[in-house]
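Let's take a walk through this protein together, beginning inside and working outward. Keep the viewer open as you read.

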Amino acid sequence: MQNKFDILIIGSGIAGLSQAITLVEKDASLKIGVISKSEVSITNTSLAQGGIAAVMSTEKDSYQAHIDDTIKASQNKADIQTVTHIVEHAHEGIHQLEKWGVEFDKENGEYHFGLEGGHSAPRVLHVKDQTGAAVHKQLLQKASSLQNITILEDCEAIELLLNTDKSVGGASVYNYQDQTIQEIQAKIVVLATGGMGQLFEYTTNSAIATGDGILLAHQAGATIENIQAIQFHPTAFKQEGKNQLFLITEAMRGAGAYIINDEGKRFVFDYDERGELATRDIVSKAIYSEMKRSGSQQVYLDCRHISKEILLQEFPFIYDYCKAAGTDLSQQIAPIVPAAHYSCGGIKVDIEGKTTVQNLYAIGECTNTGLHGNNRLASNSLLEAIVLAADVTKSILSHIGNVQYNDMLPASITEFDNTKLDLTEDEIKQLKKLLSTYFITNSGQDLYEIKQFLTVYFSYVKGLHGNSLEKLHFQNKLILSHMLIEDRAGEKVRVEL
């Protein structure tokens, strides 16, 4: 495995790949490494169904309307300058993706725009109901065609390495194929590791979305902010025994699907006048309230009044998946629950992706740019990554000429042993359930229970001798869970670390 790059990008979704491609297209002399935690095809990007929000024409839409929708969805917590910049450059990001081979759906030569919750106008460009997969496929093809980009599959960054001046100088990487740890040196490191949905009981995120980048940045001294702003997607297809749930895009609600309870009532209007087209946070809260009221474990998505032709034409992937799982959307209602979907906060960065640690950048879902505030507007996530890749590139290229390879401080872990944890899947499930319950309820009793769990298991981990990947992963879950509840509580939460 190559052990020295000009730029090391940790993450291989839309943020990481578009960053790598943009950098090489601007400076073909750069040597860039891209770390993929598993197979390069497994990312949250590939799971994104809805599309990318962008104002492509001001005849029927406007930048200001998109800005206003974003601010409103964010619970008025978004940064107006960041929002304005990204919205006004959205069309450039779309054209960049098209240049790389992405073909968005069109009708009669014009873009076909979807309508999603929180948007005041149809402005979501898409590729049927598999936009993320289509985008990721083209990015992979493009990145693979560029000689100076090296993709390191089945590799996990376990620690950011610091230079003697405390700037970032690389990363320790565990190679799953040969089960070794290798130090990779780099002038610049870019974190593009996505979110942390796998910390919760139900999530739409891929199995690798465990908050790695946020934890790595935190341990390197970077500022983390607003990580309590976890967005739950209201319509995840519930299947018994599954933690990673299949997402049913809200574009289906934009196309007219209803959310109903056990009695068949469309109850979301009781909580917001927009009904099913309210923003995700409002719809999710309405569902949780209804489940609590009725004692039911789920509510339902009703598409039976939508013609089968439309379902097959606009949502073929969703229709086929649900049918294979035993639910024909044209004839049956689908059980749904809200699931952890998107991390709106994370590593503090400016508009150029710079963190508070020298030579460390970050982009995408692992960051807090100010675009999302406390709640992301639908289809603004892929948009953020593709627009800001250009800004991050400009900053890196203006800075990297002054950066030299430096002497790095020793890594804290140089090898793994066979240390085993006396744990079962039940403990992991309990942690996920406790964290999910507290995030839903915000109750003092639920906070107390998760604090007790963390105290017990921090003590347990501290008493273990040696290092193993299993121990590291569990310890990281504990640390991130503590960071999450502390940020949610808005105060220092005492846990015996």
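The buried residues of helix H3 are covered by, among others, strand E3 (52–53), helix H4 (80–88) and helix H12 (381–399). Bear in mind that this is a predicted model. H3 itself spans residues 63–73, and its buried residues are Ala65, His66, Ile67, Asp69, Thr70, Ile71 and Ala73. As background, residues three or four places apart on an α-helix point the same way, because there are 3.6 residues a turn.

Now slide just past the end of H3, where Gln75 shows a positive phi of about 65 degrees. That may catch your eye, as Gln75 is not a glycine. Gln75 belongs to the loop between H3 and H4. Is Gln75 exposed or only partly exposed? Its relative accessible area is 32%, so Gln75 counts as partly exposed.

There's another residue of this kind to look up. Asp154 is not a glycine either, and its phi is positive, near 55 degrees. You'll find Asp154 in the loop between strand E7 (149–152) and strand E8 (155–162). With a relative accessible area of 22%, Asp154 is partly exposed; the cut-off for buried is under 20%.

On to the sheets. Strands of a sheet pair through backbone hydrogen bonds, in either a parallel or an antiparallel sense. One open sheet here has five strands with antiparallel pairing, in the order E13-E12-E16-E15-E14. Strand E13 (246–247) and strand E14 (258–260) are its edges, each pairing on one side only. Further in, strand E12 (residues 230–237) runs antiparallel to strand E16 (residues 334–343), and six bridges join the two. If you want a spot to zoom in on, Ala236 sits opposite Val337 in E16.

A second open sheet to look at has three strands in the order E11-E17-E19, and here the pairing is mixed. Its edge strands are E11 (224–225) and E19 (367–368), which each pair on one side only. E11 meets strand E17 (residues 346–348) in the antiparallel sense over two bridges, with Glu225 opposite Gly346 in E17.

Next, head for helix H15 (residues 469–489), which holds Leu484. Is Leu484 buried or exposed? Its relative accessibility is 0%, so Leu484 counts as buried. Leaving out residues up to four places away in sequence, Leu484 touches Met196, Leu199, Phe200, Ile227, Gln228, Ile230, Leu435 and Phe439. Take Gln228 from that list: 256 residues separate Gln228 from Leu484 in sequence, yet their C-alpha atoms are 5.4 Å apart in space.

That kind of contact brings us to the whole chain. Among contacts in the protein with a separation of 6 or more, 74% are between residues 24 or more positions apart. Overall there are 15 helices and 19 strands. Along the principal axes, the C-alpha atoms fill a box of roughly 65 × 55 × 40 Å. How does the radius of gyration of 22 Å fit a compact globule? A compact globule of 497 residues would have one near 23 Å, so the protein agrees with that.

Finally, some overall surface and charge numbers. Of the 497 residues, 59% count as buried. The protein exposes about 20400 Å², and carbon and sulfur atoms supply 46% of that area. As for charge, there are 43 positive and 62 negative charges, and their mean positions lie 2 Å apart.

Note on methods
Residues are numbered from 1 along each chain as its sequence is written. This is a predicted model: local features need pLDDT of at least 70, side-chain atom pairs count only at pLDDT 80 or more; totals for chains, interfaces and linings use all residues. Side-chain values use heavy atoms; hydrogens and water are left out. Helices (H or I, at least four residues) and strands (E, at least two) are DSSP runs, numbered from the N terminus. The radius of gyration is taken over C-alpha atoms; the globule rule is 2.2 Å times the number of residues to the power 0.38. Buried means under 20% relative accessible area, exposed over 50%, partly exposed in between (1.4 Å probe, protein chains only). Contact means heavy atoms within 4.5 Å. Accessible areas come from the Shrake-Rupley method with a 1.4 Å probe; for residues, only the protein chains shown count as cover. Lys and Arg count as positive and Asp and Glu as negative; His and the chain ends are not counted. The place of a charge is taken as NZ of Lys, CZ of Arg, CG of Asp or CD of Glu. Two strands pair if DSSP finds at least two bridges between them.
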